[in-house]
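I opened the file today to look up a few places in the fold. My entries follow in the order I took them.

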Amino acid sequence: MNQQLKIKKMMYGGDYNPEQWPEEIWQEDMKLLKEAHIDTLTLNVFSWAALQPSEEEYNFEKLDKIMKLVKENGFQVVLATSTGAHPAWMAKKYPDILRVEFDGRKRKFGGRHNSCPNSPTYRKYSVRLAKKLAERYKDYDNIVAWHISNEYGGECYCENCEKAFRVWLKEKYKTLDALNKAWNTRFWGHTFYEWDEIVLPDLRSEHFEYDRSQFQGITLDYKRFNSESILECYKQEYEAVKSVTPDIPVTTNLMGFFKMLDYKMWAKYMDFISWDNYPANEDSPAMIAMNHELMRGIKGGQPFILMEQTPSVTNWLPYNALKRPGVMRLWSYQAVAHGSDSVMFFQMRRSVGACEKLHGAVIDHAGTNETRVYREVRALGEELDRIGGLTLGAREEAKVALYFDWDNWWAVECSAGPSCELKYKDEILNYYEALHSRNIAVDLVGPEDDLDGYKMLIAPVLYMTKEGYDEKIRQFVKNGGTFVTTFFSGYVDESDRIIPGGYPGRLRDILGLWVEEEDALPSGTENSFTYNDVNYPARLLCDLSHPEGAEILSVYDSDFYARMPVLTVNPLEKGKAYYVATRSNREFYEIFLKNLCEEVGIEPVTEPQKDLEATERVNENGRFLFLLNHGEGELSVKLDQDGTEIIENQDYQAGDEILIRAKDVKIIRR
Ligand code: GLA
Ligand code: ZN
């Protein structure tokens, strides 16, 4: 499913909840939002209880008024289906809609994102509501997109889910023999003889804590099942609105690196990706950027919509620091630099009650245009008007692919051993950060993505080698690609069963070595190795390997495995495969990847310097070089081509130095 937004400029706006306010305020809102150059409003995100006051009754009166108001005032609408929180009466009448927690606790009514995904009641009434909304508002030509539910997530361990899990398993394995084999159930006498002996893996059964499972095969399948169950809710609403408005693209707001849902699979059923970006002030620019890359990557590099960010402050962090002056603008452009075709906020007006009353908004409790936040929003709105549609649809042209896979994420982190400190995302970030610091464009790719056009594939902690992926890597390398992988790779198949015959299993011939053992270093302890005459730490995990054709580039300095390889390269036909047997530090990753990139001719977008982030997006209007200064001092960048800065509309010539103040952004069209 793939349908582009029909927009003429970058969308600017966000969540608007006029239903929480008396109507007198609405006209004031319209005035203030227009003055801020806002053009798009996300409506109806949490109105289910208002729209359906009882089982038989629907009431669209207020939403009719809001739709009319917004249309008359010239706004585009992202229309939500309101199914992110069910009504209280529904929970009372149909308790099957309530979730059961990981510890077995049955929930009562309350909160949001709280419906059991396999509840027949939820499925029936959410889909019915979505369809009714589509039928009622189908003639509004200002609806640019459907926004199904809101930030899907969570898990349910109720009896309905348990029954549905068995059906899902039957479909997947066909026979109990196949299931018993995949889960290795001879271990601890788990053999299943009837399907209904299988129970959900939770605190009452296979888990001793949330992440650590005693039967990874079962847990892994539950995670897949849960992600697919929730996806099914989304798909049913998708079909409902599409059956009435086939020309309106459909999305749901994702959350970056969100572990519970396999977004790579979800992306197939979304016309375009949208996501909510809520970094903490202390998150590094690379960390934020990597989330954007993932959201761009799950749909093959297609631009996404930044659906939400706070204009100033959140309410749910331990310390809800303000975004400093200029940071909202900087992070907005950062999203655009990495593929966004919008800048959107949660929310337009700050609510007066419940937990989000202290969450930032464009219009604050003061209710005026006389606030710092409002002024910053208005100033950015003016700029986006100037940029208009120039950058819409522009794509990045990365030569480096960084592999990321949800199944692998789940499997690595529910594994018992080798180290409680091993976090898949951290290992991805180590490599991403090093490339980001050098302004090297990176695509995050998944197992199904094509590798054509890339010069380098990096797959840290490729613990699960999916059937056929080794062959993809092999061909990539043979055809001249450079492959990099690390410790704890090639261990298991898709069911989390070890691939016997020596690690890294199917990758053994590609890397030209075999791994015999793996040592986990407790936090605070380290080994070391020397690379290009500099000594670097070896931390977390150390693989003990034997080359079978690979050339040793560096060895461990100490312990009983001193002089065993820590860094190797294996030539394979036209390409090379590198193996990094341990985790090191930032300095190492930077220099190591710098050298590899230089060796294979991967160029930075612009010469790297501290605090400078640079990306390039390309469309039929030109090549857009984004230069962002994340630091506190001024930066100067020498341009290597003529171009026009499109925020200020200023021309530059090759050789000119362009000055970028602290937190400032330049976008050069070339
Ligand atoms: C999420 C939700 C919004 C709002 C914001 C607050 O992104 O989608 O409804 O709660 O968080 O940060
Ligand atoms: Zn359930």
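**Entry 1: a strand pair near the end of the chain.** I began with β21 (residues 612–619), which pairs with β22 in the antiparallel sense over 8 bridges. The model is a predicted one, and I read each entry in that light. I looked at the turn next: 2 residues make the hairpin that joins β21 to β22. Beside it I found Asn-619 opposite Gly-622 in β22.

Which other strand does β22 join? I found 5 bridges from β22 to β27 (residues 665–669), and these two run antiparallel. In that pairing, Leu-628 stands opposite Val-665. I then checked how covered β22 (residues 622–629) is: 7 of its 8 residues are buried.

**Entry 2: domains.** I noted the division of the chain. Domain 1 takes two stretches, 11–157 and 221–387. Domain 2 covers 160–219, domain 3 covers 400–600 and domain 4 covers 612–669. I asked how far apart the C-alpha centres of domain 2 and domain 4 lie. The distance is 55 Å.

**Entry 3: the zinc site.** Which residues are the protein donors of the zinc ion (ligand 2)? I listed Cys-116, Cys-156, Cys-158 and Cys-161, each through SG. They lie 2.2 to 2.3 Å from the ion. In sequence, I read their spacing as C-x39-C-x1-C-x2-C.

Why is the arrangement around this zinc ion tetrahedral? The 4 donor atoms subtend angles of 100 to 116°. Tetrahedral needs all angles between 85 and 135 degrees, so the arrangement qualifies.

I followed two of the donors back to their elements. Cys-116 sits in the loop between α4 (88–93) and α5 (120–137), while Cys-161 belongs to helix α6 (residues 159–173). The pair therefore ties together parts that are 45 residues apart in sequence. Are these two cysteines buried or exposed? Cys-116 is buried at a relative accessible area of 0%. Cys-161 is buried too, at 1%.

**Entry 4: backbone oddities.** I looked for cis peptide bonds and wrote down two. One joins Gly-417 and Pro-418, with omega about 0°. Pro-418 is in the loop between α13 (406–414) and α14 (424–437). Another joins Tyr-503 and Pro-504, with omega about -5°. I placed Pro-504 in the loop between β13 (482–486) and α16 (508–511).

Next I looked at positive phi values outside glycine. Asn-184 has phi near 55°, and it lies in the loop between α7 (176–183) and α8 (216–244). Trp-188 has a positive phi of about 50° and is found in the loop between α7 and α8. I checked exposure for both. Asn-184 is partly exposed, with a relative accessible area of 42%. Trp-188 is exposed, at 55%. The cut-off for exposed is over 50%, so Trp-188 passes.

**Entry 5: the open sheet.** I traced an open sheet of 7 strands with mixed pairing. I read the order as β11-β10-β12-β13-β19-β18-β17. Which strands stand at the edges? They are β11 (442–445) and β17 (551–555). Each has a single partner strand, so one side of each is left without a neighbour in the sheet. The twist averages 20° from one strand to the next.

I took one pairing from the sheet. Strands β10 (residues 400–403) and β12 (residues 456–459) pair in the parallel sense over 3 bridges. There the bridge partner of Leu-402 is Ile-458 in β12. Helix α17 (residues 586–600) packs on the sheet. I found it touching β12, β13, β18 (565–572) and β19 (575–580). The direction of α17 makes about 175° with that of β19.

**Entry 6: one residue in α14.** I closed with Ile-428, found in helix α14. Ile-428 counts as buried at 0% relative accessibility. What does Ile-428 contact, leaving aside its neighbours within four places in sequence? I listed Met-290, Leu-402, Tyr-403, Phe-404 and Pro-460. Leu-402 already appeared in Entry 5, as the bridge partner of Ile-458. I also took a distance from Ile-428 to Arg-105: 35 Å in space, C-alpha to C-alpha. In sequence those two are 323 residues apart.

How values were computed
Residues numbered from 1 in each chain as written. Chains lettered and ligands numbered in written order. Predicted model: local features only at pLDDT ≥ 70, side-chain atom pairs only at ≥ 80, totals over all residues. Heavy atoms only, no water. Donors = N, O, S within 2.8 Å, 3.2 Å for Na, K, Ca; no water. Tetrahedral: all angles 85-135°; square planar, octahedral: opposite > 155°, others 65-115°. Helix = DSSP H or I, 4+ residues; strand = E, 2+ residues; numbered from the N terminus. Buried < 20%, exposed > 50% of the residue type's maximum accessible area, 1.4 Å probe, protein only. Domains from an automatic or database assignment. Pairing = 2+ DSSP bridges. Axes fitted to C-alpha atoms, helices over the stretch in contact; angles between N-to-C directions. Contact = heavy atoms within 4.5 Å.
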